[in-house]
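Me: Could you take a close look at one helix and its surroundings in this model, and then place that part in the wider fold? I would like a careful, connected account rather than a list.

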Amino acid sequence: VGIFPLSGFIAADGEEMRDGAVMAIDEINEMGGLLGRQLEYIEIDDVNSQTDEITTAFNRAVDVEEPDVVVSGYHLATGPEFDIVANAERLYYNVNTQKAWTDRYQSDPDKYWGIFQCDPNEEWYGGGFALWLDQMLEQGTIDLSELGKTAAILAGDDPYDAFIAQSFEEKAKELGWDILSKESLTVVNV
């Protein structure tokens, strides 16, 4: 079962996430399937990817569709899906990037044994970007001779964006960068 926001305000992202999952399933099936069995794709729309919609979609997936595997992209209000799939003992592949979720999986591996996060969490977005930027400067790929190792941070005011900004700031300072300013913006106003 693929669960994606396909009809709400982030439908464009949901369609891309769905298309990627369907492409992978098609490729697996073209190569003979998984252990000789063809994979069947069942789609569930979680509309705007809010907590109540996520809960409804994941409960439908495990209670009605009864899949072996659930896949999804990111959700705007994640949380309930992890316990729903863990309690149903289903495999779950997702790209929710929040460190809070990787901390959750690691806190109870016996419960969350079947949950696989397919991308790094957001601490690598901020800290990783600071490392990349520093390497580009050190290699001479970018020239900041007039500015030196200085940066300004603009971040959304939600927890996700704030954590990325915080991890960037911490790693940049560790690498010897000066943070000249740090501004928080309401995401819908950006």
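Reply: A useful place to begin is the C-terminal side of helix α6, which is followed by glycine 176, a residue whose phi is positive, near 90°. What follows describes a predicted model, and every value in it is computed from the coordinates of that model.

Helix α6 itself covers residues 159–174, and its 16 residues reach 22 Å from the first C-alpha to the last, close to the 22 Å expected at 1.5 Å a residue. At its N-terminal end the helix is capped by aspartate 158, of which a side-chain oxygen lies 3.2 Å from the backbone nitrogen of tyrosine 160.

Which residues of α6 are buried? They are Ile164, Ala165, Ser167, Phe168, Glu169 and Ala172, a set that includes the polar Ser167 and the acidic Glu169 alongside Phe168. The partners against which the buried residues of α6 pack are α5 (122–138), β6 (150–156) and β7 (178–185).

The loop between α5 and β6 holds lysine 149, a residue that brings several of these pieces into one view. The C-alpha atoms of lysine 149 and alanine 172 are 9.0 Å apart, although 23 residues separate the two along the chain, and alanine 172 is one of the buried residues of α6. If neighbours within four places in sequence are set aside, lysine 149 is in contact with Asp134, Leu137 and Glu138, and also with Leu175, Gly176, Trp177 and Asp178. Gly176, in that second group, is the glycine with positive phi that follows α6. With Asp134 the contact is also a polar one, since a distance of 2.9 Å joins the side chains of lysine 149 and aspartate 134. Lysine 149 has a relative accessibility of 23% and therefore counts as partly exposed, the cut-off for buried being under 20%.

Positive phi values also occur elsewhere, in residues other than glycine. Leucine 35, with phi near 55°, is such a case; it is found in the loop between α1 (11–30) and β2 (43–45), and because its relative accessibility is 84% it counts as exposed. Glutamate 66 is another, with phi near 50°; this residue lies in the loop between α2 and β3 (69–72) and is exposed as well, with a relative accessible area of 53%.

Helix α2 (residues 51–65) also has a helical partner to compare with the packing around α6: α2 and α3 (residues 80–87) pack at an angle of about 15°, with their axes 9 Å apart. That angle makes α2 roughly parallel to α3, as angles under 35 degrees are counted in this way. The contact draws on Thr51, Ile54, Thr55, Phe58, Asn59 and Val62 from α2, and on Pro80, Glu81, Ile84 and Val85 from α3. The crossing in which α2 passes α3 is right-handed.

As for the wider fold, the protein comprises six helices and seven strands, and from the N terminus on these elements run β-α-β-α-β-α-β-α-β-α-β-α-β. The C-alpha trace spans about 60 × 35 × 35 Å along its principal axes. Of the 190 residues, 37% are buried, and among contacts between residues at least 6 apart in sequence, 57% join residues at least 24 apart.

Terms used: Residues are numbered from 1 along each chain as its sequence is written. This is a predicted model: local features need pLDDT of at least 70, side-chain atom pairs count only at pLDDT 80 or more; totals for chains, interfaces and linings use all residues. Side-chain values use heavy atoms; hydrogens and water are left out. Helices (H or I, at least four residues) and strands (E, at least two) are DSSP runs, numbered from the N terminus. The expected span of a helix is 1.5 Å times one less than its number of residues. Buried means under 20% relative accessible area, exposed over 50%, partly exposed in between (1.4 Å probe, protein chains only). Contact means heavy atoms within 4.5 Å. A polar contact is a pair of N or O atoms within 3.5 Å; within protein, one must be able to donate a hydrogen and the other to accept it, and residues adjacent in sequence count only if both atoms are side-chain atoms. Axes are lines fitted to C-alpha atoms, for helices over the stretch in contact, and angles run from 0 to 180 degrees between N-to-C directions. Angles under 35 degrees count as roughly parallel, over 145 as roughly antiparallel, 65 to 115 as roughly perpendicular and the rest as oblique. A crossing is left-handed if the near helix is turned anticlockwise from the far one by less than a right angle, and right-handed if clockwise.
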